[in-house]
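The following exercises are to be worked with the sequence and the coordinates at hand. Each task is followed by a solution in steps.

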Amino acid sequence: MTPGNNGASTPEDDDPFGYLYADGQANGAQPPSGGYGYPGSVNRVRTVGQRQYGQPQAQTAPYGQVPQQQSYGQPNAHYAAPETVPGGAPTTRQTPTAPPPGGGRGRGPNTKGLLIGAIAVVAAVVIGIGVAMITGDSNDGKNKAAGASSAPSASQSAQPSQSASSSTAAELPKTDAKVLQLSGGATTASDVKGAKADGGTYVTGFNTVGASVTWTVNDIQKAGSYRLYVRYAIPGVDANATLTVNGKPNPQPVGMKNFIGSPNGDFEKGWQSTWAPVTLTKGTNTLTISCGQGNQCNALIDQLWVQ
C-alpha cells in the first residue's frame, strides 16, 4: 500500500491528502481544485453556499491564490435569494384572507360572552353585600331601640318626673288677700293694678304698727321645714314684717326688699315676691305676718303659699 494510491481509482478509495506526499505527487496528485487530489476523482465535497440550483457552477480559485473579492452592492455568485430561484418563495406579500362566515372551527373563543358572565357575577356579589348591610343596620337599630325602651335612663331613674313634682306642689296650700284674716287697720283694696288675687284684690293699710294678716294653713301632710312665699308690692323702698308660726315668733322675719329695683313712689311697678323658712307640723298651722315696733311695713300684700 502506498500513499495516494490504494488500489483502483474509485471515489471511495481516493486519498484527499495524496498531494501532500511524495508518492502522491509522483502519481500526479494535485491540490484540490474542485475535487480530490487525483485527476478524474469524484467531486464529493462542496463549500457551504457554493452549490447553486439552476445556476452555472462557480469556478474555484486555484490553490494558493486568493479568490476575487466581490464588491459591495454587487450580486454574489455564491448566493442567490430564494425568490430568484425557480419555485422559490413569493416576492409579494400575501393578503390574509377573511375568516369564513359563521362559527367554523377556526373561530376564537367567545370573549364577549365571558365578559358578560363575569360582570353578572360581580353584580350579584355587590347586590348580596348591600342587602346584608341594610338588613344588619335595620336589625341593629331595632335592637338599640328595644334596649333603650326596656332600660330606663339614668336621668329617669334618678330624678322624679315633672308631672310628679307639679302634682306635689299643687297639693300644698295657697291663699290670697280675700281669705286672709285682717286686723289692726289692715283692709282690702283693688286700686293698684297688678295683683294676682281674684278681682285684683290686695291688702292695704299694713303700714300701721299692730296691723296683721293671719293665714290658717290646713292639710299639711308631713311635719318638716317649708318655705312661706309672700307676693307684695312696695313703692321702691324696702320693707319688712314680723312672722309668727303657731303663736311663736319665727327666727327669721319676712324681708320685703326692692329686689327688682322698682321706682320710688310707684306701687304698680313694685310687685315681686320673697320667702322665709318655716317649720310646720302635720295637719293645721297658723301663720301671722304683722307690723311690729321697728318694722318698715309700707307694703301691699297679694298672695301667700307654702312650698
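**Exercise 1. The nonpolar patch**

Task: Determine which residues form a nonpolar patch on the surface of this predicted model, and state the accessible area they have together.

Solution: The patch consists of Val121, Val125, Ile129 and Met133. Together these four side chains account for about 380 Å² of accessible area. As a next step, take one member, Val125, and locate it: this residue lies in helix 2, which spans residues 111-150. Its class then follows from its relative accessible area of 47%. Because partly exposed covers the range between 20% and 50%, Val125 is placed in that class.

**Exercise 2. The surroundings of strand 6**

Task: Establish how many residues of strand 6 are buried, and identify strands with which strand 6 pairs.

Solution: Begin with burial. Strand 6 comprises residues 224-233, and seven of its ten residues are buried; the strand is therefore largely enclosed by the rest of the structure.

Next, consider the pairing. Strand 6 is joined to strand 10, residues 271-280, by ten bridges in the antiparallel sense. Within strand 10, Thr279 is the residue opposite Ser225. Strand 6 also runs antiparallel to strand 12, residues 300-306, with six bridges between them. Here Arg231 has Gln303 of strand 12 opposite to it.

A general point helps when inspecting side chains: in a regular strand they alternate between the two faces of the sheet.

**Exercise 3. The disulfide**

Task: Find how many disulfides the whole structure contains, and decide whether Cys291 and Cys297 are buried or exposed.

Solution: A search of the whole structure returns one disulfide. It links Cys291 and Cys297, whose sulfur atoms are 2.0 Å apart. A disulfide is a covalent bond between the sulfur atoms of two cysteines. The angle about the S-S bond is 95 degrees, and the link of Cys291 and Cys297 is right-handed.

For accessibility, apply the cut-off of 20%. Cys291 has a relative accessibility of 3% and is therefore buried. Cys297, at 4%, is likewise buried.

**Exercise 4. The chain as a whole**

Task: State how many helices and strands the protein chain has, what share of its residues is buried, and what its accessible surface comes to.

Solution: The chain contains four helices and twelve strands. Of its 307 residues, 26% count as buried. The accessible surface comes to about 21000 Å², and carbon and sulfur atoms contribute 55% of it. Finally, for contacts between residues at least 6 apart in sequence, 66% join residues at least 24 apart.

Technical notes
Residues are numbered from 1 along each chain as its sequence is written. This is a predicted model: local features need pLDDT of at least 70, side-chain atom pairs count only at pLDDT 80 or more; totals for chains, interfaces and linings use all residues. Side-chain values use heavy atoms; hydrogens and water are left out. Helices (H or I, at least four residues) and strands (E, at least two) are DSSP runs, numbered from the N terminus. Buried means under 20% relative accessible area, exposed over 50%, partly exposed in between (1.4 Å probe, protein chains only). Contact means heavy atoms within 4.5 Å. Accessible areas come from the Shrake-Rupley method with a 1.4 Å probe; for residues, only the protein chains shown count as cover. A disulfide is a pair of cysteine sulfur atoms within 2.5 Å. Two strands pair if DSSP finds at least two bridges between them. Patches are made of residues with over 30% relative accessible area and no salt bridge: like charges are joined within 9 Å, nonpolar side chains (Val, Leu, Ile, Met, Phe, Trp, Tyr) within 5 Å.
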